[in-house]
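Me: I am new to this structure and would like to learn how to read it step by step. Could we begin with the idea of a core and then go on to the helices around it?

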Amino acid sequence: MKCIVKFWHACSLTFSLFAGKQSLLRLARPGTLLQSAAPMASTPAEQQKKFWQQNKQLGRPVAPHLTIYKIDWHTLLSGTHRLTGFIMYVGLASISAATLMIPAAYPVWIAAIKTWPVAIPAIIYPCKFGASWTVFYHLLNGIRHIAWDFGKGFDMKIVNRTGYAVMAISLLMAAYATTIVPGM
């Protein structure tokens, strides 16, 4: 232990020759920072209470209401991009977990779903459209984000135009993908 302390002092002296009397090593010694620390004038709970009282006196709202903000097209597209990514993650994780847990093979379950009388047009097509639109929208908007990574398309006119294009093309691609019948 004495060896370590002597080494520490030797390093401190060597550094202080180059950096002056107030060297960083002297400030970093154990206990130095705690000796100069002053107790807090108030607790965090008291500071928070004071903050909310001051906001109440000034008439500030607790939280801004949604009617204050105009939700822009690019804001809506950004949220949709995040939401589609989350939906794809949850969907893939659910399908993966289900295929590990179900007792039969995957084609057996698809055949069983096709035998349901309600499943054919009322459930299958909206599900196909929703799944394919999620993938196409996220893909196309991801390409848009890659263009932004290269510094292209930051003008608001271009941002809005590409947003409309992404939405329109993804809807058309999803509509086409919904009409595809496997095996025909």
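Reply: A nonpolar core is a set of buried Ala, Val, Leu, Ile, Met, Phe, Trp, Tyr and Cys residues joined through side-chain atoms within 4.5 Å. In this model, which is predicted, the largest such core has eight residues, namely Leu-77, Trp-133, Phe-136, Tyr-137, Leu-140, Val-166, Met-167 and Ala-174.

Me: Which helices each supply at least two residues of this core?

Reply: Helix H7, covering 119–149, and helix H8 each do so, and the largest share, four residues, comes from H7. As a general idea, nonpolar side chains in soluble globular proteins tend to be buried together.

Me: What secondary structure does the protein have as a whole?

Reply: The protein comes to eight helices and zero strands, and read along the sequence it follows the pattern α-α-α-α-α-α-α-α. Buried residues make up 14% of its 184 residues.

Me: How should I read the length of a helix, for instance what span should H5 have?

Reply: The general idea is to compare the distance between the end C-alpha atoms with the span expected at 1.5 Å a residue; the 29 residues of H5 should therefore span 42 Å, and the end C-alpha atoms of H5 are 41 Å apart, which agrees. Helix H8, residues 156–179, has 24 residues and reaches 35 Å from its first C-alpha to its last, close to the 34 Å expected.

Me: Which residues of H8 are buried?

Reply: An α-helix has 3.6 residues a turn, so residues three or four places apart point the same way. In H8 the buried residues are Val-159, Gly-163, Val-166, Met-167, Ser-170, Ala-174 and Thr-178, whereas in H5 they are Leu-77, Thr-80, His-81 and Thr-84.

Me: How do H5 and H8 lie to each other, and at roughly what angle do their axes cross?

Reply: The axes of H5, residues 73–101, and H8 come within 10 Å and cross at roughly 50°. An angle that is neither under 35 degrees, nor over 145, nor from 65 to 115 counts as oblique, and H5 and H8 are therefore oblique to each other. The crossing in which H5 passes H8 is left-handed.

Me: Which residues meet where these two helices pass?

Reply: From H5, Trp-73, His-74 and Leu-77 meet Met-156, Val-159, Asn-160, Gly-163, Tyr-164 and Met-167 in H8. Leu-77 is a member of the core described above, and, leaving aside residues up to four places away in sequence, Leu-77 touches Tyr-137, Asn-141, Arg-144, Gly-163 and Met-167.

Note on methods. Residues are numbered from 1 along each chain as its sequence is written. This is a predicted model: local features need pLDDT of at least 70, side-chain atom pairs count only at pLDDT 80 or more; totals for chains, interfaces and linings use all residues. Side-chain values use heavy atoms; hydrogens and water are left out. The expected span of a helix is 1.5 Å times one less than its number of residues. Buried means under 20% relative accessible area, exposed over 50%, partly exposed in between (1.4 Å probe, protein chains only). Contact means heavy atoms within 4.5 Å. Axes are lines fitted to C-alpha atoms, for helices over the stretch in contact, and angles run from 0 to 180 degrees between N-to-C directions. A crossing is left-handed if the near helix is turned anticlockwise from the far one by less than a right angle, and right-handed if clockwise.
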